[in-house]
Amino acid sequence: NSKAREFAENGTDVPQCDSILATATVQKIGTLPSCQWFMEGQVLQVRLGEGPSIAPGQAVSTLASALAAKDVDPLTAAGSLTASVTTKLSAVAPEASLHIWPPQAKPCSSVILSGALSTGAAGRAFVVAWSFGTADVATGTLQAYLTAASASSSLKLEIPGSALSAAVSS
């Protein structure tokens, strides 16, 4: 039975995405995505849920039983169809914004670095990698803080004053 035809005929235009899209596709579109039919079941719009991993150009597939060809017996499924993801949005280059507090550190005070005002992630979480670049200050003590913040993709890095003091004195 064609889900597209069924939705169009019954006036239901908001199906569950997993009743139309293949499991591998559903796994890429995030948590709680929404799917909606337009043009009497001829166009399917998918709104991504939280934490999607799919990107423009990647393939999406339907379930073999989900669709039927137009003007064909609705009980005859068209089989699985595959298409590439497209978007009407143009790509936005991410822009990093790094803020340091306090602006001038005092002995034994913590330092907080924040990238929370960075933009351009297109609704997705940033992948963060903290480092001191080529500076030779990443002692074992400081490296542990960088590694932990990078592992969690945290946009905030706080280095306690005790760690800074230990790094400076070593």
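Here are a few worked exercises on the structure above.

Keep in mind that this is a predicted model, where local features need pLDDT of at least 70, side-chain atom pairs count only at pLDDT 80 or more, and totals for chains, interfaces and linings use all residues. Residues are numbered from 1 along each chain as its sequence is written, and side-chain values use heavy atoms, with hydrogens and water left out.

**Exercise 1. The disulfide**

Find which cysteines the disulfide joins, and say where they sit.

Step 1: Look for a pair of cysteine sulfur atoms within 2.5 Å, which is the cut-off for a disulfide. The structure holds one: Cys-17 is joined to Cys-35, with 2.0 Å from S to S.

Step 2: Place the two ends. Cys-17 is in the loop between α1 (3–10) and α2 (23–26), while Cys-35 belongs to strand β1 (residues 34–38), so the pair, 18 residues apart, links distant parts of the chain. Helices here are DSSP runs of H or I with at least four residues, strands are runs of E with at least two, and both are numbered from the N terminus.

Step 3: Check the handedness. The angle about the S-S bond is 120°, and the link of Cys-17 and Cys-35 is right-handed.

**Exercise 2. Buried or exposed?**

Sort Cys-17, Cys-35, Cys-108, Thr-25 and Thr-31 into buried or exposed.

Step 1: Set the limits. Buried means under 20% relative accessible area, exposed over 50%, and partly exposed in between (1.4 Å probe, protein chains only).

Step 2: Do the cysteines. Cys-17 and Cys-35 are both buried, whereas Cys-108 counts as exposed because its relative accessibility is 63%.

Step 3: Do the threonines. Thr-25, in helix α2, is at 3% and therefore buried. Thr-31, in the loop between α2 and β1, is at 54% and therefore exposed.

Step 4: Add their contacts (heavy atoms within 4.5 Å). Leaving aside neighbours within four places in sequence, Thr-25 is in contact with Val-60 and Ser-61. With residues up to four places away not counted, Thr-31 touches Gly-49 and Glu-50. The C-alpha atoms of Thr-31 and Glu-50 are 4.9 Å apart, with their positions 19 residues apart along the chain.

**Exercise 3. A three-stranded sheet**

Work out the order of the strands in the open sheet, and which strands are at its edges.

Step 1: Pair the strands; two strands pair if DSSP finds at least two bridges between them. β5 and β6 (residues 111–114) pair in the antiparallel sense over three bridges, and four bridges join β6 to β7, also antiparallel.

Step 2: Read off the order, which is β5-β6-β7. The edges are β5 (99–101) and β7 (156–159), each pairing on one side only.

Step 3: Line up residues. Ser-114 in β6 stands opposite His-99, and Ser-114 also stands opposite Lys-156 in β7.

Step 4: Look at the faces of β7. Leu-157 and Ile-159 point to one face and are buried, while Lys-156 and Glu-158 point to the other and are not. In a regular strand, side chains alternate between the two faces of the sheet.

**Exercise 4. The largest core**

Say which elements give two or more residues to the largest nonpolar core.

Step 1: Define it: a set of buried Ala, Val, Leu, Ile, Met, Phe, Trp, Tyr and Cys residues joined through side-chain atoms within 4.5 Å.

Step 2: List members. The largest core has 11 residues, including Val-111, Trp-130, Leu-157 and Ile-159.

Step 3: Name the elements: β6, α3 (140–151), β7 and α4 (161–169). The largest share, three residues, comes from α3.

Step 4: Note the second, separate core of nine residues, which includes Cys-17, Ile-20, Cys-35 and Ile-54.
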